[in-house]
Amino acid sequence: FFSVTLAIFSYIDRVALSRAAPDVRADLHLDKVHFGLVLSIFTTCYALFEIPSGYLGDRYGPRSVLLRIVLWWSFFTFATGQAWNFWSIAICQGLFGMGEAGCFPNITKSLAIWLPQEEKVRAQGIIWLFARWGGAFTPLLVVTLLRYTSWRMAFAVFASLGIVWAVAFFWWFCDDPHDNPSVNAAERALIASSRKLAGHAKMPWGKLISAPRAWLLCLQYFSLSYSWYFYITWLPTYMDERLKVDITRSAWLNVLPLFLGGLGSFFCGQSSRWVAHKLGGIDKQRRLMSIVGFFGASILIFTATQMHSAVPAMLAIGFASFCNDLAMPPSWGAAMDLGGRYAGTLAGAMN
C-alpha cells in the first residue's frame with residue numbers, strides 16, 4: 001500500500017508541471033527553450049542522485065531514505081508553486097530532482113526485503129501500474145483544479161499529499177519486517193529467505209562496474225526511458241500544437257499513454273509466473289516480454305509520427321506505451337535479483 005501510494009504521488013508531482021505548462025510559462029514569461037531547460041534540469045539532477053540515494057538505502061535501510069525523499073520533494077513541490085522567474089523555478093526543480101532521486105530504487109529495496117521471491121515481479125507490475133495511472137490521471141486532476149484555483153495553489157495541494165504519506169509511513173514501516181508487530185509468524189516464515197537482504201551493506205563498487213549484466217540492464221532501461229519520458233514532459237504541448245486538440249479533450253487523450261502503459265506493466269507482472277512456467281524459466285519470460293515490448297513500441301511510435309489526426313495518433317502512442325512497459329517489471333525484477341543486498345544501488349544505476 002505504501003509503495004503504491006508513493007508511486008502515485010511521485011508521478012502526480014512530476015506530470016503536474018507539464019500539464020500546467022501553459023499557465024506556468026505565461027506567468028513566469030518562459031519560452032519553450034527555457035521551459036525545456038527547466039525540465040532538463042530536473043531530470044539531470046534526478047539522474048545524478050539516483051545512485052547515491054539507492055546506495056544510502058542499501059547502507060542505512062530504505063525507511064529513513066524514503067522519509068527524507070518524500071519530505072524533501074514535498075517542500076520543493078510547494079516551492080515550485082512560489083517561483084517568480086526562470087531561475088527560481090529552475091533551482092526549485094533541480095532541488096526537487098535531487099530529492100526525489102532514489103524513490104523507486106528504495107521502493108525496490110523494501111520490496112526485496114518484504115516479499116517472497118515468487119511475488120517480487122508481480123509486485124513490480126502492480127507498482128508500475130499505479131505509478132503510470134497516477135501520471136495518467138494527473139492531467140485531468142490539474143485541469144479540474146485549474147478551473148477553481150491557480151497553478152500555484154495546485155502545487156501546494158500536491159505537496160500536502162507527501163506530508164500525510166510521510167507521517168503514516170514513519171508510524172508503520174520497519175526496514176526489517178520482523179520488527180513490525182503486525183507481521184505474523186506465518187508471514188515471517190514466508191519471507192525468511194528475503195530477510196537476509198535487510199541490514200547495512202557495504203557496496204562492492206568494483207563488482208558493479210565490471211559486471212556486463214549490470215551494464216546491459218542499464219543500457220536497455222535507457223532505451224526504454226528515452227521514448228517514454230516524452231509522455232510526461234512534452235506530450236501535452238505536442239497534442240496542443242501538433243495535433244490541435246483543445247485542452248479539455250487533450251486532458252482525456254493525455255491519459256492514454258500512461259493508462260495503457262500501466263496495463264502493460266500489470267499484464268507482464270501478473271502473467272510472469274504462468275509464462276515462466278510455460279517457457280521453462282523466469283529469465284526466458286523476461287527476455288520474451290522485453291523483446292516483444294521493444295519491437296512493438298518501435299513500430300507504433302513510428303506509426304504515430306506519420307499521423308496528424310489526434311485520436312489515431314494518440315491510440316498509436318498509447319499502445320506503444322503498453323508495449324514499452326512490458327519491459328518494466330522484468331527490468332526492476334532483474335535489478336532485485338542481480339543486486340541482492342545491493343538492489344537499491346543497482347536499481348538506482350539503472351534508473
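## A tryptophan at the edge of cover

At 23% relative accessibility, Trp133 counts as partly exposed, because the buried class ends at 20% and the exposed class begins only over 50%. The model you are looking at is a predicted one, and this tryptophan is a handy place to start reading it. Trp133 belongs to helix 8, which runs over residues 120–148.

Which residues does Trp133 contact, once its neighbours within four places in sequence are left aside? They are Leu258, Phe259, Gly262 and Leu263. With Leu258 there is also a backbone distance to note: the two C-alpha atoms are separated by 6.0 Å, although the residues are 125 apart along the chain.

## The overall fold

Now for the wider view. The protein has 20 helices and 0 strands. Its radius of gyration is 20 Å, close to the 20 Å that the globule rule gives for 351 residues, so the protein is as compact as a globular protein of that length. If you would like dimensions for a box, the C-alpha trace spans about 55 × 40 × 40 Å along its principal axes.

Contacts across the sequence are well represented here: of those between residues at least 6 apart, 82% join residues at least 24 apart. Buried residues account for 55% of the 351 in the protein.

## Surface and charge

The accessible surface comes to about 15,400 Å², and carbon and sulfur atoms hold 71% of it. On the charge side, you will find 28 positive and 19 negative side chains. The centres of these two sets lie 6 Å apart.

Two exposed residues in loops are worth a visit. His29 sits between helix 2 (21–28) and helix 3 (32–48), and it counts as exposed because its relative accessibility is 72%. The backbone of His29 deserves a look too, as its phi is near 60°, a positive value in a residue other than glycine.

Lys244 is the other one, in the loop between helix 14 (235–241) and helix 15 (247–253). At 65% relative accessibility, Lys244 is likewise classed as exposed. From Lys244 to Thr345 the C-alpha distance is 43 Å, with their positions 101 residues apart in sequence.

## The nonpolar core

In soluble globular proteins, nonpolar side chains tend to be buried together. In this model, the largest nonpolar core has 91 residues, and Phe104 and Trp165 have the most contacts inside it. Helix 1 (residues 2–19) gives the most to this core, contributing 10 residues.

What does Trp165 touch, not counting residues up to four places away in sequence? The list is Phe2, Thr5, Leu6, Phe9, Leu66 and Val70.

## Two buried residues to inspect

Trp332 lies in helix 19 (residues 328–339). Is Trp332 buried or exposed? With a relative accessible area of 0%, Trp332 falls under the 20% cut-off and is therefore buried. Beyond its neighbours within four places in sequence, Trp332 is in contact with Phe104, Pro105, Thr108, Gln124, Trp128, Tyr221, Ala347, Met350 and Asn351. One of these partners, Thr108, is 224 residues away in sequence, yet its C-alpha is 7.4 Å from that of Trp332.

Ser53 offers a polar counterpart for your tour. Its place is in helix 4 (residues 50–60), and its relative accessible area of 3% makes it buried. Around Ser53, leaving aside neighbours within four places in sequence, the contacts are Val65, Arg68, Ala101, Gly102 and Asn106.

Conventions. Residues are numbered from 1 along each chain as its sequence is written. This is a predicted model: local features need pLDDT of at least 70, side-chain atom pairs count only at pLDDT 80 or more; totals for chains, interfaces and linings use all residues. Side-chain values use heavy atoms; hydrogens and water are left out. Helices (H or I, at least four residues) and strands (E, at least two) are DSSP runs, numbered from the N terminus. The radius of gyration is taken over C-alpha atoms; the globule rule is 2.2 Å times the number of residues to the power 0.38. Buried means under 20% relative accessible area, exposed over 50%, partly exposed in between (1.4 Å probe, protein chains only). Contact means heavy atoms within 4.5 Å. Accessible areas come from the Shrake-Rupley method with a 1.4 Å probe; for residues, only the protein chains shown count as cover. Lys and Arg count as positive and Asp and Glu as negative; His and the chain ends are not counted. The place of a charge is taken as NZ of Lys, CZ of Arg, CG of Asp or CD of Glu. A nonpolar core is a set of buried Ala, Val, Leu, Ile, Met, Phe, Trp, Tyr and Cys residues joined through side-chain atoms within 4.5 Å.
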